[in-house]
Structure formats: C-alpha cells, structure tokens
Amino acid sequence: MTVDLLLGLQWGDEGKGKIVDVLTSKYDIIARFQGGPNAGHTLEFDGIKHVLRTIPSGIFHESSVNIIGNGVVMDPVVFQKELEGLEKFNIDIKSRLLISRKAHLILPTHRLLDAASEASKGKAKIGSTLKGIGPTYMDKTGRNGIRVGDIELEDFKERYRALADKHEAMISFYDVNLQYDLKEMEQEFFAAVEALKELTFIDSEAYLNQALKDGKSILAEGAQGSLLDIDFGTYPFVTSSNTTAAGACTGLGIAPNRVKDVFGIFKAYTTRVGSGPFPTELFDEVGATMAKVGNEFGSVTGRARRCGWLDLVALKYAVQVNGVTQLYMMKGDVLSGFETLQVCTAYKYKGQEIDHLPYNIEPENVEPIYVEKKGWNADLTGMTSYEEFPAELKEYIEFIEKELEVPIKVISVGPDRTQTIIK
Ligand code: GDP
Ligand code: IMO
Ligand code: MG
C-alpha cells in the first residue's frame, strides 16, 4: 500500500489535528514525522476538546496504530503530561502508540538554551514556543544529540550529563539573566524518562516499510505549516524542521515513490503566531473580528494569533513545494458575516507586480494586491452538505480552486469532528 501526507500550508494551526482525527478510520497507521511539543493539535468530538502535542491525532481510534517517527523531537516531561491527559480515555497506549528509537530527546537544558537564545535576540526574537525545538535539532544535525534508543543503553546517564554540562556552559555564554533550578528540572526529566521506558520503542523505518509490504495504509501527520519550514519558510522566522512533504520521507524512512496523496490543509483566511513577516495581516476591526470569532489563541502558548486575509501567493507556493493533490479548507464558518472579503492574488514587490513568493517578504518590500469577493451571512456550522452552502461561499471556494489548480475536497465548518463537509 501507499502513504498519504497531511500538511499545513500556512503558518501552522490550520486544523490538522481535527482532519487527522476525521480521516483516521481510513488508515491503519498514523505517524508524526517532525516537530515536537511546539505543536498543538486540537480534536473535538462527543463534547470533548483535546489538544495533542507529540502524540499523533489518530490516538482516539481503536483500530489505528500511532507512531512517533524518527524526525520528531520529544520531551519526556511534556509527553508524560500528555499521557496523563489521556488516562481517562482508557487507551491501550502500550500497543497503540509506538516510538521510534531514532527520535531525538529534548533535554531540560535544550529548553533553557531556547529561552536564552530568544532573550538574547531582543526585538529580533523568533517568537519560539520555547519548548527547546531549535536547540534539539541543532544537536541532532551537530551530531551531539541523545535519542530515545539511548535510554536503553547502560551509559544513558553519563551521556546525558556530558551534554547537559556542555549546555550549561553554552547558557552562560549568553548575556541574559535566566533564573532556573536545573536539579529540579532534572528530577522531573528522569522521572519522565522512567515512565517513557514503559512504552514500546521500535525501529520505525523497518516497522513502516514492513507495514507497507503487508498492505497497510499510512497517514503521515505534519506539524506546523509550510511557511514555517526551515528551508522554504519565512527564514529565520521559522521552526527547525522540514514541515513540507519531503520531511515526511526523511522523518519516517519512507521512500518518495511510496507517497500517493498530499492533503493540504488551509484556513479560509490566514493566521500566524510568533514573529515574522505576514503580508496580508490586518491591524483593524476586521482582523480583530476574525481573531474573536475564530478563537485565534495558540493551543500551546495561549498567545493571540495574528490574523489576515487569505494569501493565494503564499498558498500557491506551498501547493507547489508539497505537490498537494487535494485541498481541505478550514474555518469557513469564521468568515460568515463579512459584507466583502479580500483575497490576495499577487504582490507589488519593489514596484512590480509578481505572483510568486519572493526571497524577501518584509513589509517594506511587499504590498498585497487583492481581489474583492462577496461575503455571505449564513451560519455554516449546522450545515451538512455542500448544496446548502450560500452561493457566495461556493464562489469563494471555486475561485480558490481555479487559482491554485487543485480541488478543494473537504470544507470544515466548525471544530467538531462532525462539522466536516465532503465536496
Ligand atoms: P493544528 O495545529 O493544525 O491541529 O490546529 P490547532 O488545533 O492549533 O488550531 C485550530 C483551531 O481551530 C482549534 O481550536 C480547532 O478546534 C479549531 N477548528 C478546526 N476546524 C475548525 C472549523 O472549521 N471552524 C472553527 N470555527 N474552528 C475550527
Ligand atoms: P502546529 O503543529 C503555529 C511557530 C512559533 C514561532 C516559530 C518557531 O500546532 O500547527 P519553535 O517553537 O518551533 O522554535 O517556534 O514557529 N510555531 C507554530 N505556530 N503552530 C505550530 O504548530 C507551531 N509550532 C511552532 O510560534 O513563530
Ligand atoms: Mg496548533
């Protein structure tokens, strides 16, 4: 069988968790391939709202196996809290959640380094979630990291100490006043590592390739979004992993020719949390209304998300880089009630009109060019079929499909599992 990918096409928080949950019944295996506890994937069903961080969003379905792949960075402390949050659901975690031995561990000192680095940047800070993501991937590529499989080694504690000591020296290099009690953090860390040992570690690339041979289907669940990709995002205001399609191959050990569909998830407007350029950002009442109606507050940090109009220049870029075959439009319900809607179809870049994403999209270089669309006033949240949609929404959807040259297959009209309309 083959692998399908599900990816966020904007700056994250597009609604990936909800859609993975909706799609899980069609797949045998759900696998996370990059990122870590910087992710916050929200699922809502049966009146319950749940936010997942490192655990794949298929975990609530009895029939699926969930895998934390080699490309993920995991923090045992956050992970343990995540497991505690799942206790009431009586999930057989040991058999339904498998962890790659090659996934890298986030140490307490990685979190401290993240904080020190951000504090030292002042106004130029990335707006990191401060979960230690950047420093952990730096140790991975610097070939100094500690992996889940190392927990099984006899000298795990010595390896830990050597790296943590090095990190402490690095922290003191930053000229910032960081208050911390490492002893206490380490106690919590080692207790969480003991709990982690109760779970099943696997050689995930071997497991996944065997599963494919056995005819199993796999859905790879992306975290963050394409514009936060370390190579293709709005560098340096990005995360430290490849959030785009290629990341699923390296983050799981699956060959590119095994990938079939690429589902691209996007909001009917745009949001961003943290620093960095955002050409269609709104600073007026319209943006404030989107934030309020869309409840645009970060699932991880609680920070207000910046809001703006849909940016088709950026989306087209994400569709291209990922090879998107199907689009899923989220949060259409949030746009109800606006008389008119603006859609960015090109940029004025250094005085010239362009329709591709240029190297530098800082506000001084880029001015969005909009096409105006008629809004709609109907409440979409109770609708159950595409036919019920107001004509203006259908026109909005068809316009996007035409511009992006990819069909929109699913339209989400509310946070609940059931509020999902197949076109
Ligand atoms: P993810 O990181 O991509 O999984 O997205 P988040 O969970 O961080 O953010 C998406 C937010 O929007 C969550 O609070 C979801 O419950 C909510 N959500 C998802 N789809 C819809 C939708 O169609 N309409 C509305 N109103 N909310 C939605
Ligand atoms: P999900 O998977 C939205 C942003 C941070 C910051 C930048 C770098 O829920 O869509 P990092 O902690 O990775 O060093 O932060 O990336 N960011 C996200 N924004 N959704 C996410 O994940 C994000 N993960 C990181 O706000 O700007
Ligand atoms: Mg999120």
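Trainee: Which domains is the protein divided into?
Mentor: There's domain 1 (3–101 + 201–263), domain 2 (104–196) and domain 3 (266–422). Those bounds come from an automatic or database domain assignment. Keep in mind that this is a predicted model, where local features need pLDDT of at least 70 and side-chain atom pairs count only at pLDDT 80 or more, while totals for chains, interfaces and linings use all residues. Residues are numbered from 1 along each chain as its sequence is written, chains are lettered from A and ligands numbered from 1 in the order in which they are written, and side-chain values use heavy atoms, with hydrogens and water left out.

Trainee: OK, what separates the centres of domain 2 and domain 3?
Mentor: 36 Å, taken over C-alpha atoms.

Trainee: And how many residues are in contact there?
Mentor: 6 residues of domain 2 and 5 residues of domain 3, with contact meaning heavy atoms within 4.5 Å.

Trainee: What area is buried between domain 2 and domain 3?
Mentor: About 340 Å², and carbon and sulfur atoms give 47% of it. Buried area here is the accessible area (1.4 Å probe) that two parts lose on being put together, summed over both. On the side of domain 2 that touches domain 3, you get 1 nonpolar, 3 polar and 2 charged residues. In that scheme Ala, Val, Leu, Ile, Met, Phe, Trp, Tyr, Cys and Pro are nonpolar, Asp, Glu, Lys and Arg are charged, and the others, Gly among them, are polar.

Trainee: Switching to ligand 1, which residues come nearest?
Mentor: Lys-16, Thr-42, Ser-299, Asp-333 and Ser-412, out of 20 residues around ligand 1. Near means that a residue has a heavy atom within 4 Å of the molecule.

Trainee: What about polar contacts to ligand 1?
Mentor: A polar contact is a pair of N or O atoms within 3.5 Å; within protein, one must be able to donate a hydrogen and the other to accept it, and residues adjacent in sequence count only if both atoms are side-chain atoms. Ser-299 has a side-chain N or O atom 2.8 Å from an oxygen atom of ligand 1, and for the side chain of Arg-305 the distance is 3.3 Å. Lys-331 uses a backbone N or O atom, 3.0 Å from a ligand 1 oxygen atom.

Trainee: And which residues are closest to ligand 2?
Mentor: Asp-13, Lys-16, His-41, Thr-129 and Thr-239, among 20 surrounding residues. A polar side-chain atom of Lys-16 lies 2.7 Å from an oxygen atom of ligand 2. A backbone N or O atom of Gln-224 is 2.8 Å from a ligand 2 oxygen atom.
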